[in-house]
Amino acid sequence: MGPTLLAVESSCDETSAAIIQDGKVLNNIVATQSVHENYGGVVPELASRAHQQNIVPVVTETLKNADIDKSELNGIAYTQGPGLLGALLVGASFVKAMAYALNIPLIAVNHMQAHILAHFIDDPRPKFPFLCLTVSGGHTQIVLVKSHLDMEVIGQTIDDAVGEAFDKSAKLLGLPYPGGPLIDKYAKLGKPKYSFPDSEVPGLNFSFSGIKTAFLYFLRDQLKLDDAFISENLNDIAASLQHALIQMLLSRLNKASEKLNIKEIAIAGGVSANSGLRSALQSTAHENNWNIYIPEFQYCTDNAGMIAMAAHYQYLAKDFASLDISPNPRMKF
């Protein structure tokens, strides 16, 4: 039988733990933090404190739920980065102590690579090589995935992430945090009546700062004419913004597919839970004869199941970390 590993995720505002045994994720327990709703975004210090409160009960419940004793563990994995430094420190400190106490290998996982490897938790699984559009609140990337541990970023945002564009635009509309899911909710009820500009950037890269500025000016000008413009047209505004952002994503993804002649296409990250993106990807796949892979909702947002899957392949490759390794909030591929 393959290794039995415990994985911990603490990069932002979810404390999560999972057990993977012989490449099969047995559970995926997540404790979310609601305190940030009061502030319109994640407050790093509050996130760190919540991780400290949650990590022991979450890990304890994970082991109990999987009916695994800590003595059965062959290794322990955690998110090294990228993420919030304080949040990463909580996870790193906990797993280092546990790995030292149990005298088992420590596995440091790249959070963004783990998002991609979430596709290997369940069937169907992409065939190598494939392209993965990785979209979240902090990242927007097109990744060429050559193997489980060999990935190359071939396109990325040069400023803001698409998830940030969703959330900040939602804030301009007066919607509570997190606003991205609410944009998706209202977009289902509206039509894309308004247009917003794409940004011209070289190659396969993205830029979302321009559309955020255009959206701000659009609302400002419309509200000068009608104080009730947002409340009376919220569904159509949301549909228009979401349509523009999705087209920006898919236009680059299509360009990458044509350039590399790859038709195995996946999406990952928190924004991959967006129903509009999923629907548009399915339509584009039909037009371009793509084989597409869309993760389950529980594996889209931050979770330890994906950390566990990445750790499984790193364990097999004997890619272990020393106990003096530090969290890396700006960790690259």
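Biologist: Where does Gly91 sit in this model?

Modeller: Gly91 is in helix 2, residues 85–102, and keep in mind that the model is predicted.

Biologist: What makes Gly91 count as buried?

Modeller: Its relative accessibility is 1%. Buried means under 20%, so Gly91 counts as buried.

Biologist: Which residues does Gly91 touch, leaving out those up to four places away in sequence?

Modeller: Gly91 touches Ser10 and Ile55. As for Leu26, 65 residues from Gly91 along the chain, the two C-alpha atoms are separated by 20 Å.

Biologist: Let's move to the rings. Why is the pair of Phe120 and Phe128 called stacked?

Modeller: The centres are 5.6 Å apart, with 20 degrees between the planes. Rings pair if their centres lie within 6.5 Å, and planes under 30 degrees apart count as stacked, so Phe120 and Phe128 form a stacked pair.

Biologist: And how do you know whether Phe120 and Phe128 are buried or exposed?

Modeller: Phe120 has 3% relative accessibility, so with the limit at under 20% it counts as buried. Phe128 has a relative accessible area of 34%. That value falls between 20% and 50%, so Phe128 is partly exposed.

Biologist: What makes the pair of Tyr194 and Phe229 edge-to-face?

Modeller: Here the ring centres are 5.8 Å apart and the planes are at 65 degrees. Planes over 60 degrees apart count as edge-to-face, so that's the label for Tyr194 and Phe229.

Biologist: Why do you say this pair ties parts of the chain together?

Modeller: Because Tyr194 lies in the loop between helix 5 and helix 6 (209–225), while Phe229 is in helix 7; the parts are 35 residues apart in sequence. Phe229 is buried too, as its relative accessible area is 5%. Ring pairs also link Tyr194 and Phe229 with Phe196, Phe215 and Phe218 into a cluster. Across the whole structure, a search finds eleven aromatic pairs.

Biologist: Now the helices. How do you know how helix 5 is oriented against helix 7?

Modeller: Helix 5 (residues 180–187) and helix 7 (residues 229–260) pack at an angle of about 110 degrees, with their axes 7 Å apart. Angles of 65 to 115 degrees count as roughly perpendicular, so helix 5 is roughly perpendicular to helix 7. Their crossing is left-handed.

Biologist: Which residues make that contact?

Modeller: Helix 5 brings Ile183, Asp184, Tyr186 and Ala187, and helix 7 brings Leu234, Asn235, Ala238, Ala239, Leu241 and Gln242. By class, that contact has seven nonpolar, two polar and one charged residues.

Methods: Residues are numbered from 1 along each chain as its sequence is written. This is a predicted model: local features need pLDDT of at least 70, side-chain atom pairs count only at pLDDT 80 or more; totals for chains, interfaces and linings use all residues. Side-chain values use heavy atoms; hydrogens and water are left out. Axes are lines fitted to C-alpha atoms, for helices over the stretch in contact, and angles run from 0 to 180 degrees between N-to-C directions. Helices (H or I, at least four residues) and strands (E, at least two) are DSSP runs, numbered from the N terminus. Angles under 35 degrees count as roughly parallel, over 145 as roughly antiparallel, 65 to 115 as roughly perpendicular and the rest as oblique. A crossing is left-handed if the near helix is turned anticlockwise from the far one by less than a right angle, and right-handed if clockwise. Contact means heavy atoms within 4.5 Å. Ala, Val, Leu, Ile, Met, Phe, Trp, Tyr, Cys and Pro count as nonpolar, Asp, Glu, Lys and Arg as charged, and the others, Gly among them, as polar. Rings of Phe, Tyr and Trp (its six-membered ring) pair if their centres lie within 6.5 Å; planes under 30 degrees apart count as stacked, over 60 as edge-to-face and the rest as tilted. Buried means under 20% relative accessible area, exposed over 50%, partly exposed in between (1.4 Å probe, protein chains only).
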